[in-house]
Protein chains: 2
Amino acid sequence: MSFEHPDRNSLDISAVLHALSDPQRLGMVAELAMSDEPRPCGSFAPGISKSTRTHHFRVLREAGLIEQWKEGTCKMSRLRREDVDARFPGLLDSVLSSQAVAQV
Amino acid sequence: MSFEHPDRNSLDISAVLHALSDPQRLGMVAELAMSDEPRPCGSFAPGISKSTRTHHFRVLREAGLIEQWKEGTCKMSRLRREDVDARFPGLLDSVLSSQAVAQV
DNA sequence: CACAAAGTTCGACGATCGTCGTATGATGCC
DNA sequence: GGCATCATACGACGATCGTCGAACTTTGTG
């Protein structure tokens, strides 16, 4: 029922950077950052298959970037912004702002 | 003679994050950031082979993180801090400060 | 209960990665 | 010139990655 969510203090910079280095995942994180509301998995990355999406969400979750929980048949996701900011101050901001520029 | 050094404006966030996501390369970048002096390649990452070192330096260079040039038989490396900061403000600082904490 | 919807699991695949050793170049010094 | 030093080029290897489809589970709804 509960999934693997690494503790705030055990976040690994290499895992975080690797998780963010994939354009697909970076796009997901950017979407999560824009709308502060949790969102079901299915509403992301419409071009890829369900299993690939599951894989990307697991990478993000195991890196500690997102939190996930089930609600009915949906799985919700939320960016762990406070935790990431506490451990790596400024990182998410700089990555996301560069992403925002790229999307204009 | 001259190597591939991407233009400041063509730096790719995914390539940069991927380049930094390897612990070996992150260590090299951290060393380069600490001593502002250019350093020969051979003085890095003493545990790994020469060819692996060459490979890592190429990844860093092609991502636009470092600049390299030859001096005699040595090849010098320098962090392209201004360029990276201009393109991705705050990124290098946050990554390097987390790295510094980890090394204490 | 039967069915639909949302995710997961399980191979599988080609591509890329990190690492190595050996051979090869380029440069400086005796 | 001969030799040592520093780095590159070229496979090669096992490991990981991103992607997929098919089968399955879980949950809600008729």
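Let's start at a turn in chain B: strands S2 and S3 of this chain form a hairpin with two residues between them, and B:Gly72, which sits in the turn, has a positive phi of about 65°. Keep in mind as you look around that this is a predicted model.

From the turn, follow the two arms of the hairpin. Strand S2 of chain B covers residues 66-71 and runs antiparallel to S3(B), with six bridges joining the two. One of the pairs to look for is B:Ile66, whose bridge partner in S3(B) is B:Leu79. S3 of chain B, residues 74-79, also pairs with strand S1 of that chain, residues 39-40. Here the strands are again antiparallel, and two bridges hold the pairing. On this side you will find B:Arg39 opposite B:Ser77 of S3(B).

Now move to helix H1 of chain B, which spans residues 13-20 and is mostly covered, as six of its eight residues are buried. The buried residues are B:Ile13, B:Ser14, B:Val16, B:Leu17, B:Ala19 and B:Leu20.

Next, step back to see both protein chains together. A turn of 180° with a shift of 0.0 Å along the axis lays chain B on chain A, and the RMSD is 0.0 Å. That is the relation of a two-fold axis. How do the copies meet? Of the interface residues of chain B, 100% are also interface residues in chain A, so the copies meet through the same surface.

Both chains also take part around DNA strand D. There are 22 residues around this strand, and those that come nearest are A:Arg25, A:Ser51, A:His56, B:Thr54 and B:Lys75. By type, the residues of this surface divide into four nonpolar, 13 polar and five charged. Which parts of the DNA strand lie within 4 Å of the protein? Of the atoms of strand D in that range, 66% belong to sugar or phosphate, and the rest belong to bases.

Some individual contacts are worth a closer look. In chain A, a backbone N or O atom of A:Ser49 lies 3.0 Å from a phosphate oxygen of DNA strand D, while an N or O atom in the side chain of A:Thr52 is 3.2 Å from a phosphate oxygen of that strand. From chain B, a polar side-chain atom of B:Thr73 lies 3.1 Å from a sugar or linking oxygen of DNA strand D. The elements giving two or more residues to this surface are helices H2 (23-34) and H3 (50-62) of chain A, together with helix H3 (50-62) and S3 of chain B. That brings us back to S3(B), one of the two strands of the hairpin where we began.

Conventions:
Residues numbered from 1 in each chain as written. Chains lettered and ligands numbered in written order. Predicted model: local features only at pLDDT ≥ 70, side-chain atom pairs only at ≥ 80, totals over all residues. Heavy atoms only, no water. Pairing = 2+ DSSP bridges. Helix = DSSP H or I, 4+ residues; strand = E, 2+ residues; numbered from the N terminus. Least-squares fit on C-alpha atoms with pLDDT ≥ 70 in both. Contact = heavy atoms within 4.5 Å. Near = heavy atom within 4 Å. Polar contact = N/O pair within 3.5 Å; in protein donor to acceptor, adjacent residues only side chain to side chain. Nonpolar A, V, L, I, M, F, W, Y, C, P; charged D, E, K, R; others polar. Buried < 20%, exposed > 50% of the residue type's maximum accessible area, 1.4 Å probe, protein only.
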